[in-house]
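The exercises below each set a task and then work through a solution step by step. Please have the sequence and the structure open as you read.

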Amino acid sequence: MDVPVSVKVPLAVKFWTRWCMKFLLCIIFALTYILPKTGIINPYIDMVLIYIGINIILTISLNLVNGYMGEFSVGHAGFMALGAYTASLLSVWVIPDSLNPYLFPFTVVIGGVIAGVFALIVAFPSFRTRGDYLAIVTLAFNMIIKSAIENIDGIGGPRGFMGMDKMTNLPWTFVWVCITIFLARNFIFSNLGRGVLSLREDETAAGLLSVNTRQVKVLTFVFSAFLAGIAGALYAHELQYIYPKGFTIAKSTDMLVMVYLGGIGSIGGSVMGAVVYTIVLEALRSILQFAGISQEWRQVFAPLMLIFLMIYRPKGIMGMREFPFLIPEAERFQKISLNPFSKKNRNRKKSEEVKS
Amino acid sequence: MNLMTISNLTHWFSGLRAVTDFNLSLKKGELVAIIGPNGAGKTTIFNLITGVYRPTSGQINFEGKELVGLPTNQIITSGIARTFQNIRLFKELSVLDNIRIAQYASVCYSPLEAIFHLPGFHKEEEKIRLRSMELLQIFDLEDQAYTISKNLPYGQQRRLEIARALATQPKLLLLDEPAAGMNPAEVEHLIELIQMIRKQFQLTILLIEHQMRVVMGIAERIKVVDFGQTIAEGTPIEIQKNPRVIEAYLGEEESK
């Protein structure tokens with residue numbers, strides 16, 4: 001069979017995709033390092049930016065399960081709590097202070113791994129059936145984790161836990177966000193990711209086309225919890241104080257709003273959802289203060305927004321669409337009519353050969 | 001040698017006996033059709049074979065391996081593929097993705113290799129893409145590779161479903177009413193297609209069909225079921241003359 005394998009892509013486009021993104025990322029990384037140091041970004045904005053980063057990781061994490069896979073988890077704050085507490089305990093009790101800055105990535109990853117291990121325990125019983133089951137199990141899980149932490153006096157109980165150094169800064173957050181996006185993207189555009197999508201479309205048909213549905217569900221859930229754990233670890237080292245009330249169902253609701261605001265099944269959407277939601281919520285803080293209304297009303301905002309989103313724009317800003325730069329190269333160009341197998345292109349190639 | 005032997009397959013839906021003592025042996029390379037009126041339990045038989053339902057009793061032996069009780073995906077990877085009566089494509093995904101999903105089990109990189117984009121990943125992905133494209137070429141769908149599959153015309157959706165089933169690299173293909181909703185010209189095309197893939201992929205085919213044009217045209221052996229029971233078996237010509245079959249389809253003649 002005469003199958004042309006390589007596709008001719010304009011050199012400029014090739015250069016842009018191969019290097020420009022990396023170049024751009026390096027510049028942004030440098031900026032995240034320089035700007036807070038020189039005082040161009042004040043500490044408040046610095047903090048908001050870090051929260052945006054953490055929320056991006058959380059949103060992508062939840063989007064894997066709720067958006068791409070079409071299941072419904074409402075307990076991701078539980079995994080976040082696990083990551084936060086694990087990492088905090090590690091850096092306060094286990095790792096000596098002098099080593100802490102160097103071992104910070106390690107601490108964060110361990111936080112994620114512990115969250116992943118718990119996800120594995122939750123996943124096995126709850127994925128026996130489909131549908132609302134997972135929502136109920138994760139809801140219960142969220143509550144169990146919160147109550148458990150409240151009742152363990154050694155880690156502060158309801159008073160919370162502190163003593164971590166402020167290790168999460170803007171450059172670190174940026175790096176973790178990039179890593180998260182990279183991993184999540186690779187996950188989605190792989191065999192397993194296609195399995196995830198097929199589950200959302202039609203689970204029975206997926207099983208009948210050799211997809212190991214059980215494996216796909218469990219792995220996706222564990223991966224998602226791992227990312228939530230990482231976000232939790234970063235959160236703990238930003239706030240330097242964590243308490244069980246910070247990881248209730250309200251936190252999970254925040255994540256849900258960000259996922260559905262940004263758009264299900266889209267990494268770019270997750271990023272946008274997290275950015276918009278965090279900024280709106282911060283803006284609301286000063287607006288409420290200015291208007292002299294109690295800050296409690298911010299709590300009303302998230303559920304209200306969730307309801308309106310579900311009614312008026314269930315697909316969110318970017319539902320099921322993706323920015324081209326978040327799609328791997330191999331998947332990208334073929335979409336723009338450069339399909340080498342296309343009859344049109346094959347004929348064109350033949351006629352070119354004849355001419356030469 | 002028998003490729004698949006089904007013996008005494010029985011299935012109850014709570015109080016309703018959907019399939020009763022169904023027996024079937026398929027030789028390698030055969031094309032057998034199951035016919036019968038609506039609700040006779042034909043699709044249930046397919047669901048039992050592929051593990052969607054677990055039979056109340058009976059054995060299904062495929063190449064010496066017992067299939068009853070295995071999870072669906074393992075049954076599929078052991079070499080059985082099927083299509084659906086009502087088309088069940090992954091509607092929101094592209095044609096290419098539909099084909100690639102069906103190759104899930106044959107991919108040999110680990111999830112870790114995938115999320116870190118290690119070299120093994122790219123090689124394997126390229127292989128899958130090539131294989132999928134070759135398959136699409138056979139089915140004349142290569143120009144539609146990046147179309148969202150719900151946007152395909154009906155006939156092409158049917159073809160894609162068969163292509164997708166073949167992507168799992170089966171030895172036995174179960175076709176559930178492939179000609180449903182097709183016009184006569186499309187049916188002729190389908191008959192050619194089935195004969196072509198049968199030869200090219202060396203398939204054994206088990207077919208459920210209502211359209212007699214298809215059944216009589218290509219089946220070597222026909223099994224007639226009604227109310228879950230086998231009422232006749234034989235070559236197309238034998239079946240056409242069989243009084244019990246005529247009775248099942250046209251109703252009993254009023255006795256005087």
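**Exercise 1.** In this predicted model, decide whether L3(B) is buried, partly exposed or exposed, and describe its surroundings.

*Solution.* Begin with the count: 19 other C-beta atoms lie within 10 Å of L3(B). A buried residue needs 20 or more and an exposed one has 12 or fewer, so L3(B) is partly exposed. Next, place the residue in strand β1 of chain B, which covers residues 2–13. Finally, look beyond the neighbours within four places in sequence, where L3(B) is in contact with L26(B), K27(B), K28(B), E63(B), K171(B), L172(B) and T204(B). Of these contacts, K27(B) is 24 residues away along the chain, yet its C-alpha atom is separated from that of L3(B) by 5.3 Å.

**Exercise 2.** Check the length of helix α6 of chain B against its number of residues, and find what its buried residues pack against.

*Solution.* The helix runs over residues 154–166, and at 1.5 Å a residue its 13 residues should span 18 Å. The end C-alpha atoms are 19 Å apart, which agrees. Its buried residues include R158(B), L160(B), E161(B) and L166(B), and the buried residues pack against β6, α3, α5, β7 and α7 of chain B.

**Exercise 3.** Describe how helices α2 (residues 43–68) and α6 (residues 170–188) of chain A meet.

*Solution.* The two axes come within 9 Å and cross at roughly 15 degrees. Angles under 35 degrees count as roughly parallel, so α2(A) is roughly parallel to α6(A). The crossing is left-handed. Residues making the contact include I50(A) and I57(A) of α2(A), and F174(A) and W176(A) of α6(A); the contact residues divide into 15 nonpolar, three polar and one charged.

Technical notes:
Residues are numbered from 1 along each chain as its sequence is written. Chains are lettered from A and ligands numbered from 1 in the order in which they are written. This is a predicted model: local features need pLDDT of at least 70, side-chain atom pairs count only at pLDDT 80 or more; totals for chains, interfaces and linings use all residues. Axes are lines fitted to C-alpha atoms, for helices over the stretch in contact, and angles run from 0 to 180 degrees between N-to-C directions. Helices (H or I, at least four residues) and strands (E, at least two) are DSSP runs, numbered from the N terminus. Angles under 35 degrees count as roughly parallel, over 145 as roughly antiparallel, 65 to 115 as roughly perpendicular and the rest as oblique. A crossing is left-handed if the near helix is turned anticlockwise from the far one by less than a right angle, and right-handed if clockwise. Two residues are in contact if their C-beta atoms, placed from the backbone, lie within 7 Å. Ala, Val, Leu, Ile, Met, Phe, Trp, Tyr, Cys and Pro count as nonpolar, Asp, Glu, Lys and Arg as charged, and the others, Gly among them, as polar. The expected span of a helix is 1.5 Å times one less than its number of residues.
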